[in-house]
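Please walk through the structure below, beginning with one helix and moving on to the space beside it and the loops.

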Amino acid sequence: MEYLIKSAIAATEIAPSSGPSAELFSAGEKSLSAALAPSLALRAQAGSRGAPDEGAAQVPAFVIVGEGAGDAAAREMLLDRAMGPKRKKKSSEKLRRGRRPSEGLAFVARDASGVVVGTVRLWDVRLGEGGPAALLLGPLAVEPGLKSGGIGSALMRHAVAEAARLGHGAILLVGDAPYYGRFGFSADRTGALAMPGPYERHRLLALELKDGALDGAWGTIKAAGRKIKGQAQGFVA
């Protein structure tokens, strides 16, 4: 499944569809419904921690596709540029280390020449000892010079839509509520949950894909994904 943005102007977000064919969008295209139209006010609230859509530059056309093993090096270099050398010290890294992303939930954005300009992956976790299954989203990153054109938003909407299509119940992440709130994430259901290491509690956010998926969830979030074996090392966060 691929989603193609035809415009180089940074003013359009897309909401992915589970349909089998690629969908084409142009920035400012009047035929887009109000539900798909971007909110420039929300974009301006992308946050102060380098949110993926922060800024006001133009971006080239791009597609979102499933990540392949051959994307590992490009993805890691992109993450280093976007997030810096301390990214692997975050608490969320403890839930990714030695694991593979959830089946079918690792995506990259490519520009017209095939270069990786964005990445997002989701990971299988368990909420507390013997608690319900969920997904942990991250890292979400966009090429630093292309943060304004909706690549991050497109990756988020695509990832959320695919997680829902695959039957998952909830997604958690650690991030800025002003940015991720536009996708439905909040800290309303995470007060009884904790990350396995230092983190800011107000930044632990969740989105229920199924009503009641987080009912009664409590305790420390634990890794539950497939362990890396052999050549799968390229999928390490």
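**Helix H2 and the largest pocket**

This is a predicted model. Helix H2 has 12 residues, which at 1.5 Å a residue should span 16 Å, and the distance of 16 Å between its end C-alpha atoms agrees with that. The helix runs over residues 72–83. Its buried residues are Ala 72, Arg 75, Glu 76, Leu 78 and Leu 79. These residues lie on the same side of H2, because they cover an arc of only 160° around the axis. Among the elements that cover the buried residues of H2 are strand S5 (116–127) and S7. Just after H2, the backbone at Gly 84 has a positive phi of about 85°.

H2 also takes part in a pocket. The largest pocket holds about 690 Å³ of space. It is lined by 31 residues, and those closest to its centre are Met 83, Lys 90, Val 174, Gly 175 and Arg 203. Two or more lining residues come from each of helix H2, helix H3 (91–96), strand S6 (133–137), strand S7 (141–142), strand S8 (170–174) and helix H5 (177–180). Of these, H3 gives the largest share, three residues. By residue class, the lining has 18 nonpolar, five polar and eight charged residues. General background for such a search is that rolling a probe the size of a water molecule over the atoms shows where empty space is left.

Strands S6 and S7, both named in the lining of the pocket, are joined by a loop that contains Pro 139. The peptide bond leading from Gly 138 into Pro 139 is cis, and its omega is near -10°.

The next loop to look at is the one between strand S9 (193–194) and strand S10 (204–208), where Tyr 199 is found. Is Tyr 199 buried or exposed? Its relative accessible area is 23%, so Tyr 199 counts as partly exposed; the class of buried residues ends at 20%. Leaving out residues up to four places away in sequence, Tyr 199 touches Ser 91, Leu 193, Ala 194 and Leu 204. Tyr 199 and Lys 90 are 109 residues apart along the chain, yet their C-alpha atoms are separated by 8.0 Å. Lys 90 is one of the residues closest to the centre of the largest pocket, which links this loop back to the description above.

Note on methods:
Residues numbered from 1 in each chain as written. Predicted model: local features only at pLDDT ≥ 70, side-chain atom pairs only at ≥ 80, totals over all residues. Heavy atoms only, no water. 1 Å grid on protein atoms, 1.4 Å probe; cavity = no way out; pocket = protein on both sides within 12 Å on 5 of 7 lines; lining within 4 Å. Points joined across faces, edges and corners; volume = space filled by probe spheres on them. Helix = DSSP H or I, 4+ residues; strand = E, 2+ residues; numbered from the N terminus. Nonpolar A, V, L, I, M, F, W, Y, C, P; charged D, E, K, R; others polar. Expected span 1.5 Å × (residues − 1). Buried < 20%, exposed > 50% of the residue type's maximum accessible area, 1.4 Å probe, protein only. Arc of directions from axis to C-beta. Contact = heavy atoms within 4.5 Å.
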